[in-house]
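This report is meant for a reader who is meeting the structure for the first time. It moves from single residues to a helix, then to the domains, and ends with some unusual backbone angles.

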Amino acid sequence: MDLGIAGKRALITGSTSGIGAATAQMMAAEGVRVVINGRNAERAEAVRAAIVAAGGTAAIALGDLATDAGAQTVMTAANAAFGGIDILVNNLGNFEPFVPVWTEATPAQWAATYEANVIAAVRTITASVDTMKAQGWGRIINIASGAYTEPPPEFPTYGPSKAALVNLSVGLAKSLADTGITVNTISPGNVLTEALKANLPTIGKASGWEETDIDELERRFARQWRSLVSRTGRVEEIAALICFVASAHASYITGTNYRIDGGSHATLN
């Protein structure tokens, strides 16, 4: 299927690895000019180089979106790279801190999580939406999590911040009615990123599991989280959904949240 977005300009935040990198590469393969964002120059360049080697077009906008100054640096570079942003994917996320007792998370840690998971998205949206309005077309896609409905107690700040992002997206979609801009949220379940793969042996050992093989650990982990397909997701699967929601075929989809979690979260939507 031709997604109809060749030549569009996209910023994918937190795109130096995992879901963000996979999304950047998939969009670039569709002819989208992609801006890579992260804080690590070497990792950002690796993603950019892979896109260029595959025949795509990409630029880099380094900086920390969890601060006003960092966001200004990022958005100035991102808008300058190709003259504006048509597709904004707010993929940046922070799930720390891990605490055994909910009340051990400090107010400062709550604030840091909200800066990364909610306020960073507000910053990128604010810096992109005027261009989208002027041209009468835009896509804003916020990456939440299945944790917005089932917040894990050992990551107390994470689930509520993702719930806020889902809520934010619906309100924004309403405020942008009849502008040609759609706003949607995608809520992945557990995804086999490099970070999760690296942590599976530690998780298994701490949980007292007998499995040591990575594939076996993944299946055990998936059962623990009630996956109906007996595995975790793949970054390419999440990226494919993001690309469709960003496509020309998705103009009738706005104010919507998509779960992509192997059926692991007990909710009707």
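Ser187 has its place in strand E6, where helices (H or I, at least four residues) and strands (E, at least two) are DSSP runs numbered from the N terminus. The model is a predicted one, in which local features need pLDDT of at least 70 and side-chain atom pairs count only at pLDDT 80 or more, while totals for chains, interfaces and linings use all residues. Residues are numbered from 1 along each chain as its sequence is written, and side-chain values use heavy atoms, with hydrogens and water left out.

**Three buried residues**

The table sets out relative accessibility for three residues, and buried here means under 20% relative accessible area, exposed over 50%, and partly exposed in between (1.4 Å probe, protein chains only).

| Residue | Location | Relative accessibility |
|---|---|---|
| Ser187 | strand E6 | 0%, buried |
| Met75 | helix H3 (residues 68-82) | 5%, buried |
| Ser247 | loop between H8 and strand E7 (256-260) | 0%, buried |

What surrounds these residues? Contact means heavy atoms within 4.5 Å, and residues up to four places away in sequence are not counted for Ser187, which touches Ala144, Ser145, Gly146, Tyr148, Val166, Asn257, Tyr258, Arg259 and Ile260. Met75, leaving aside its neighbours within four places in sequence, is in contact with Leu11, Thr124, Ala127 and Ser128. Ser247 touches Leu3, Ile5 and Arg139, again not counting residues up to four places away in sequence, and the side chain of Ser247 reaches the backbone oxygen of Phe244 at 2.6 Å.

**Helix H1**

Helix H1 (residues 18-29) has 12 residues and reaches 17 Å from its first C-alpha to its last, close to the 16 Å expected at 1.5 Å a residue; that expected span is 1.5 Å times one less than the number of residues. Within H1, the residues Ile19, Gly20, Ala21, Ala22, Thr23, Ala24, Met27 and Ala28 are buried, and what covers the buried residues includes strand E1 (9-12), strand E2 (33-38), helix H2 (41-53) and helix H8 (235-245). After H1 comes Gly31, whose phi is positive, near 90 degrees.

**Two domains**

The domain assignment, whose bounds come from an automatic or database source, gives domain 1 (9-191 + 235-260) and domain 2 (192-232). The centres of the two domains, taken over C-alpha atoms, are separated by 26 Å, and six residues of domain 1 are in contact with eight residues of domain 2. Between domain 1 and domain 2 the buried area is about 620 Å², of which carbon and sulfur atoms give 46%; buried area is the accessible area (1.4 Å probe) that two parts lose on being put together, summed over both. Asn190, Val191 and Glu237 supply 68% of the area that domain 1 buries against domain 2, more than any other three residues. Two salt bridges are found across this interface of domain 1 and domain 2, a salt bridge being a side-chain nitrogen of Lys or Arg within 4 Å of a carboxyl oxygen of Asp or Glu.

**Backbone angles**

Most residues other than glycine have a negative phi, and most peptide bonds are trans. Asp178 is not a glycine, yet has a positive phi of about 65 degrees, and with 86% relative accessibility it counts as exposed. Glu96 and Pro97 are joined by a cis peptide bond, with omega about 5 degrees.

Definitions and conventions: A polar contact is a pair of N or O atoms within 3.5 Å; within protein, one must be able to donate a hydrogen and the other to accept it, and residues adjacent in sequence count only if both atoms are side-chain atoms.
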